[in-house]
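Biologist: Please take one strand of this structure and look at it closely. I would like to know what lies around it and where its surroundings lead.

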Amino acid sequence: MSKKLKIKQKTEAYVSTTNACKLCKPLGACIAFRGIEGTVPFLHGSQGCATYMRRYIISHFREPIDIASSSLSEKHAVYGGGPNLKKGILNVMDKYGAKVVGIATTCLTETIGDDVTGFLKEFKEEFGDRELPTLLNVSTPSYSGTHIEGFHATVRAVIDQLVESETVEPATSSQSPGVGAGLVTSGRTEKDSSETRPYTLNRSKVNLLPGLVSPADIRYLKEVLDDFNHPGIILPDISETLDGPAQMDYEKIPEGGTPIAAIQSMGHSSATIEFGQVLQRSGNSGGQLLAERCGVPLYALGMPIGLRECDRFFDALEEVSGCATPRKHELERGRLVDAYVDSHKYLFGKRVVVYGEEDLCVGLTAFLAEIGMKIVLCASGGNSGHFAEAIHAVTSDIVTEPPIIKEGFDFYEIAEEIESLNPDMLIGTSKGYSIAKQHQIPLIRVGFPIHDRFGGQRMLHLGYRGTQNLLDRIVNAIIEKKQTDSPVGYGYL
């Protein structure tokens with residue numbers, strides 16, 4: 001008598017992604033490398049990866065960008081890509097004269113197990129008789145994260161490989177009045193700090209790690225630091241490299257970016273200000289590395305969008321610089337408060353869906369809760385495990401009904417969820433346009449990528465000024481929708 005054997009399925013059924021609400025990890029690395037002076041981004045992988053990323057970046061920033069590639073084929077998938085990597089670096093040296101080559105891995109090279117760090121060591125030994133560029137590398141397989149994780153991994157890797165390591169006591173977390181949760185300090189006074197460090201702090205500088213924001217945001221942050229008379233080291237700085245002026249001749253490597261010498265000195269700065277609530281919860285940020293390695297106090301803040309988060313940013317600057325907030329920015333804050341009051345009748349109770357990269361969604365949600373909009377869905381393609389916690393942290397004291405929060409979501413799933421939510425507006429990248437068109441509701445485009453509108457690189461999101469711009473866009477979209485839907489229309493509200 002035969003027995004029937006039951007075979008248990010050991011793995012869960014695979015669910016495919018349809019139109020992902022994220023981009024690939026090495027793409028974020030390329031943008032971050034572009035913000036370092038004299039750098040050519042280099043992808044260790046197939047040529048198609050570099051072509052796809054150039055297309056996406058150029059379409060958003062409207063600037064040319066060269067991304068070198070080791071151009072691996074089937075042969076190299078079997079025998080390894082070391083020779084092609086070395087040859088590619090030599091080509092970049094000869095054709096571009098690059099000061100820095102930023103090397104990011106791809107799915108292919110991570111899968112076959114290429115030892116990029118070992119290859120670079122061999123390269124330096126083989127060609128040590130030549131003047132070599134600074135070689136930076138980061139691991140960014142797309143199957144393990146999103147473009148924003150690739151961006152942050154690159155910032156941390158650059159700090160790890162360039163900032164001088166010092167033997168200091170690790171920074172400890174604490175609370176500081178006026179700055180809010182998330183401040184990390186060294187736990188030492190200025191006196192005993194000088195006794196434990198074998199170097200002098202660069203008290204005139206503050207490190208600023210803003211994350212993936214627009215070139216316009218970077219220019220604004222520079223202006224704010226100058227107004228506080230406290231210049232900063234912004235890493236990365238894409239304000240010119242991805243939004244430069246017209247040139248008579250094509251520049252292979254555009255001017256601008258964070259200088260290598262400035263990055264090397266970040267361990268001597270008076271403090272680090274870093275944006276990103278989800279990033280901080282991940283425990284893997286560049287600011288945390290500077291705090292652990294060099295004892296640089298870390299002000300861990302959310303994206304400064306909306307009154308509360310902007311206030312925390314300016315409070316941190318007051319504490320770091322010892323200066324009061326300049327009147328120019330106090331006036332901008334006052335005008336924003338006035339605009340909150342004026343716009344309340346248009347926005348209160350309007351149902352909104354927010355989607356995109358996690359920390360930007362958290363910043364937008366904090367702002368939308370302030371102005372009385374009802375956030376019905378927060379969705380991201382990221383899967384950090386900290387998204388819901390960060391959303392609750394910025395909404396729990398304001399909203400009575402928390403939004404639906406979804407991690408690892410794609411646009412197919414967002415479209416399904418929206419069917420029962422009846423939103424009045426979407427806020428996110430241009431990839432949500434088809435959903436907005438289907439439901440005939442406005443789409444406020446923010447973040448990256450924006451491919452169906454002009455000027456995505458010049459959109460200001462941060463600070464009182466950026467919040468004001470965003471508020472005006474939201475209110476005007478609501479008004480335009482009402483005018484469009486009216487059978488008679490009207491010209492005065």
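Modeller: The answer below starts at one strand, follows its neighbours, and then moves on to other parts of the chain. The model is a predicted one.

Take strand β1, which covers residues 39-44. Six of its six residues are buried, so β1 is largely enclosed by the rest of the structure. In a regular strand the side chains alternate between the two faces of the sheet. For β1 both faces are covered. T39, P41 and L43 are buried on one side, and V40, F42 and H44 are buried on the other.

Next come the strands beside it. Strands of a sheet pair through backbone hydrogen bonds, and the pairing is either parallel or antiparallel. β1 is joined to strand β3, residues 100-105, by six bridges, and the two run parallel. One position to look for is P41, which stands opposite G102 in β3. β1 also runs parallel to strand β2, residues 68-69, with two bridges between them. There, L43 has S69 of β2 as its bridge partner. To get from β1 to β2 the chain passes through helix α2, residues 47-61, and this β-α-β crossover is right-handed.

The pairing continues from β3. β3 and strand β4 are parallel and share five bridges, and A104 has V138 in β4 as its bridge partner. Strand β4, residues 134-138, is mostly covered, with four of its five residues buried.

A helix also packs against these strands. Helix α1, residues 25-34, has 10 of its 10 residues buried. Among them are L27, C30 and I31, along with K25 and R34. The buried residues of α1 pack against β1, α2, β3, β4 and α7, residues 147-162.

From here the nonpolar side chains can be followed. In soluble globular proteins, nonpolar side chains tend to be buried together. The largest nonpolar core of this model has 107 residues, and I57 is among those with the most contacts inside it, together with I273, L368 and I474. Leaving aside neighbours within four places in sequence, I57 is in contact with L27, C30, I31, R62, I65, I67, L242 and F448.

F448 is the next stop. F448 sits in the loop between β15 and helix α19, residues 463-485. F448 counts as buried because its relative accessibility of 11% is under the 20% cut-off. Sequence neighbours within four places aside, F448 touches L23, L27, I31, Y56, I57, H60, F61, H147 and T429. The C-alpha atoms of F448 and L212 are 8.4 Å apart, although 236 residues separate the two along the chain.

The loop with F448 begins after β15, and β15 belongs to another sheet. In that open sheet, five strands are arranged in the order β13-β12-β11-β14-β15, with parallel pairing. Its edge strands are β13, residues 404-406, and β15, residues 443-445; each pairs on one side only. Neighbouring strands in this sheet are turned against each other by 20° on average, direction ignored. Within the sheet, β11, residues 351-355, and β14, residues 425-428, pair over three bridges in the parallel sense. M425 in β14 is the bridge partner of V352.

Helix α16, residues 387-395, lies across β12 and β13 and runs at about 150° to β13. S380 is in the loop between β12 and α16. With a relative accessible area of 2%, S380 falls under the 20% cut-off and is therefore buried. Beyond its neighbours within four places in sequence, the contacts of S380 include C21, G356, E357, E358, F387, K406 and F409.

One last check concerns the cysteines. The model has zero disulfides by the distance rule. For C107, the closest cysteine sulfur is in C49, 6.8 Å away, so the two are too far apart for a bond. C107 counts as partly exposed, with a relative accessibility of 31%. C294, in contrast, counts as buried, with a relative accessibility of 0%.

Conventions. Residues are numbered from 1 along each chain as its sequence is written. This is a predicted model: local features need pLDDT of at least 70, side-chain atom pairs count only at pLDDT 80 or more; totals for chains, interfaces and linings use all residues. Side-chain values use heavy atoms; hydrogens and water are left out. Buried means under 20% relative accessible area, exposed over 50%, partly exposed in between (1.4 Å probe, protein chains only). Two strands pair if DSSP finds at least two bridges between them. A crossover is right-handed if, with the strands pointing away from the viewer, the path from the first strand over the helix to the second runs clockwise. A nonpolar core is a set of buried Ala, Val, Leu, Ile, Met, Phe, Trp, Tyr and Cys residues joined through side-chain atoms within 4.5 Å. Contact means heavy atoms within 4.5 Å. Axes are lines fitted to C-alpha atoms, for helices over the stretch in contact, and angles run from 0 to 180 degrees between N-to-C directions. A disulfide is a pair of cysteine sulfur atoms within 2.5 Å.
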